[in-house]
Amino acid sequence: MTVPRLVIAAPSSGSGKTTVATGLMAAFARRGLAVSPHKVGPDYIDPGYHTLATGRPGRNLDAYMCGPGAVAPLFAHGAAGCDLAVVEGVMGLYDGASGQGELASTAQVSKLLRAPVVLVVDASSQSRSVAALAHGFASWDPQVRIGGVILNKVGSQRHEELLRDALEESGLPVLGVLRRAEQAAVPSRHLGLVPVAERRGDAVGAVEAMREQVVAGCDLDALLALARSAPALPDGAWDAAEAVGGCGGPVVGGRGGAAPVVGGRGGAAPVVAVASGAAFTFSYAENTELLTAAGAEVVPFDPLRDEKLPEGTRGLVIGGGFPEVYAAELSANAALREAVAALAGSGTPVSAECAGLLYLARSLDGLPMCGVLDARARMSKRLTLGYREAVAVSDSVLAAPGTRVRGHEFHRTVLEPGAGAEPAWGMHLPERRVEGFVRGGVHASYLHTHWASAPGMARRFVERCAR
């Protein structure tokens, strides 16, 4: 498979990766190219801006949750039929899973994709030192191919000249220079950037400002030529139907004998309602694709607006997002809260992650939620963030006891109690603990999981929905 591709990386967070990556995506899409957008790591928010820039689903490449071997196949799946792929990195180029070397770093993903890297450098407080910084990053790992530098936050023409002179000595080409520009800024809050779904009109304007800034400051032809220098990848794109048809065994995602897909020729597909809208924006595109491949009819609904669940709902998936921001509106929609509680009480399969967990609780910051779980949630000053290793403790609609998964936690809320009589997961990192709730058909947890690494979860869930 040959898809021209670039990885946009930086020495550290806050250097301008999102501005450059999103601006490049929008600029090349405006040229008429089919651009495939990707993001390294578990981030849900940046892919929303990527989708807005390209008109295609933003997809994550996570070597920790999905395994290094899945990165290239997942990339090939997302980039199929495209003219160009742009991959936004995470944190600093060589930063990955804590204490595990290069695992899940942008550098590792660039090597797995055999993709050239463009280093975005915040040059606001340096001149000649930029050459030492760029040289150090380029020489640290000879397998990481840094094809050039984009200088961000450059203050003046004189500043630009000093930076270019210094980098000329390093041998790294300058592929772009971006001046300070407030109009391209995207507002942030307690968990990062504000998602696209919450500021649609303003987000469109922000993406357009990023595009204009990149067009004005970057050599798009040179960047495209660099992308086209990437060598071919081995054939073999990830396929959702193959994944759900071939998984089995005690570890979710393991290979086993093929199983019939639920809801295929033999019967109607069970309706799986998936929460969406501004309060529930965290999801991986592959999760929905796996549900569909397993035989479900996926129907989105918005808990902020819809007063009832989709007609014929046989399963419910409530992913992550910002229910704390919309607690009053979610609480005010009593009709839907009662419908969710009734559905869960009937034993219908329900999968809830993070925001979904809070929505199923008795209350959030004192405001009534669905009351499915005998627990109360509140905002906290403490950020809980990091990759997790987990094992299923209780038999549930998602996993059999003993199933091992890798996931990610990302929240500033506390749930009391943090686990039910039948916990969802036993955690191994950063400390040993049990977490989450299994009750009837409900599986609720803070743990975000990428079902491409665990396709058996999707198949098991849809099978339970079809019963």
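Is M91 buried, exposed or partly exposed? M91 is partly exposed, because its relative accessible area of 35% falls between the two cut-offs, buried being under 20% and exposed over 50%. The model described here is predicted. The chain has 467 residues, of which 57% count as buried, and its secondary structure comes to 14 helices and 22 strands. The points below cover the whole chain, then selected residues, then backbone geometry.

**Whole chain**

- The radius of gyration is 23 Å, which agrees with the value near 23 Å that a compact globule of 467 residues would have.
- Along the principal axes, the C-alpha atoms fill a box of roughly 70 × 50 × 45 Å.
- Among contacts in the chain with a separation of 6 or more, 75% are between residues 24 or more positions apart.
- The accessible surface of the chain is about 18,000 Å², and carbon and sulfur atoms account for 51% of that surface.
- The chain carries 43 positive and 45 negative side chains. The centres of these two sets lie 2 Å apart.

**S36 in strand β2**

- S36 belongs to strand β2, which covers residues 35–40.
- S36 counts as buried because its relative accessibility is 1%, and the cut-off for buried is under 20%.
- The side chains of S36 and H38 make a polar contact of 2.7 Å.
- Leaving aside residues up to four places away in sequence, S36 touches R56, G78, A79, C82, L84, A85 and V86.

**E88 in strand β4**

- E88 is in strand β4, which covers residues 84–88.
- With a relative accessibility of 1%, E88 counts as buried.
- The side chain of E88 is joined to the side chain of K39 by a polar contact of 3.3 Å.
- Not counting residues up to four places away in sequence, E88 touches I8, K17, T18, A21, H38, K39, V40, D46 and H50.
- H38 thus appears twice in this briefing: it is a side-chain polar partner of S36, and H38 is among the residues that E88 touches.

**F28 in helix α1**

- F28 lies in helix α1, made up of residues 17–30.
- F28 counts as buried, at 0% relative accessibility.
- F28 and L224 are 196 residues apart in sequence, yet their C-alpha atoms are 8.8 Å apart in space.
- L224 is also one of the residues that F28 touches. The full set, not counting residues up to four places away in sequence, is L33, V35, L84, L220, L223 and L224.

**V3 and the region before β1**

- V3 is found in the segment before β1, a strand that covers residues 5–9.
- At 5% relative accessibility, V3 is counted as buried.
- Outside the residues up to four places away in sequence, V3 touches A79, C82, L84 and A85.
- A79, C82, L84 and A85 are also among the residues that S36 touches.
- L84 is listed for F28 as well.
- V3 and R382 are 379 residues apart in sequence, with a C-alpha to C-alpha distance of 42 Å.

**A181 in a loop**

- A181 sits in the loop between β7 (174–179) and β8 (188–189).
- The relative accessible area of A181 is 23%, so A181 is partly exposed.
- From A181 to A444 the C-alpha to C-alpha distance is 42 Å, and the two residues are 263 positions apart in sequence.

**Backbone geometry**

- Most residues other than glycine have a negative phi, and most peptide bonds are trans.
- M91 has a positive phi, near 50°. M91 is located in the loop between β4 and α4 (106–113).
- C354 also has a positive phi, near 55°. C354 is placed in the loop between β13 (350–353) and α13 (355–360).
- C354 is buried, with a relative accessible area of 5%, whereas M91 is partly exposed at 35%.
- The peptide bond that joins E416 and P417 is cis, with omega about -5°.
- P417 lies in the loop between β17 (404–416) and β18 (425–427).

Terms used. Residues numbered from 1 in each chain as written. Predicted model: local features only at pLDDT ≥ 70, side-chain atom pairs only at ≥ 80, totals over all residues. Heavy atoms only, no water. Helix = DSSP H or I, 4+ residues; strand = E, 2+ residues; numbered from the N terminus. Buried < 20%, exposed > 50% of the residue type's maximum accessible area, 1.4 Å probe, protein only. Polar contact = N/O pair within 3.5 Å; in protein donor to acceptor, adjacent residues only side chain to side chain. Contact = heavy atoms within 4.5 Å. Rg over C-alpha atoms; globule rule 2.2 N^0.38 Å. Areas by Shrake-Rupley, 256 points an atom, 1.4 Å probe, with all protein chains shown as cover. Lys, Arg positive; Asp, Glu negative; His and termini not counted. Charge placed at Lys NZ, Arg CZ, Asp CG, Glu CD.
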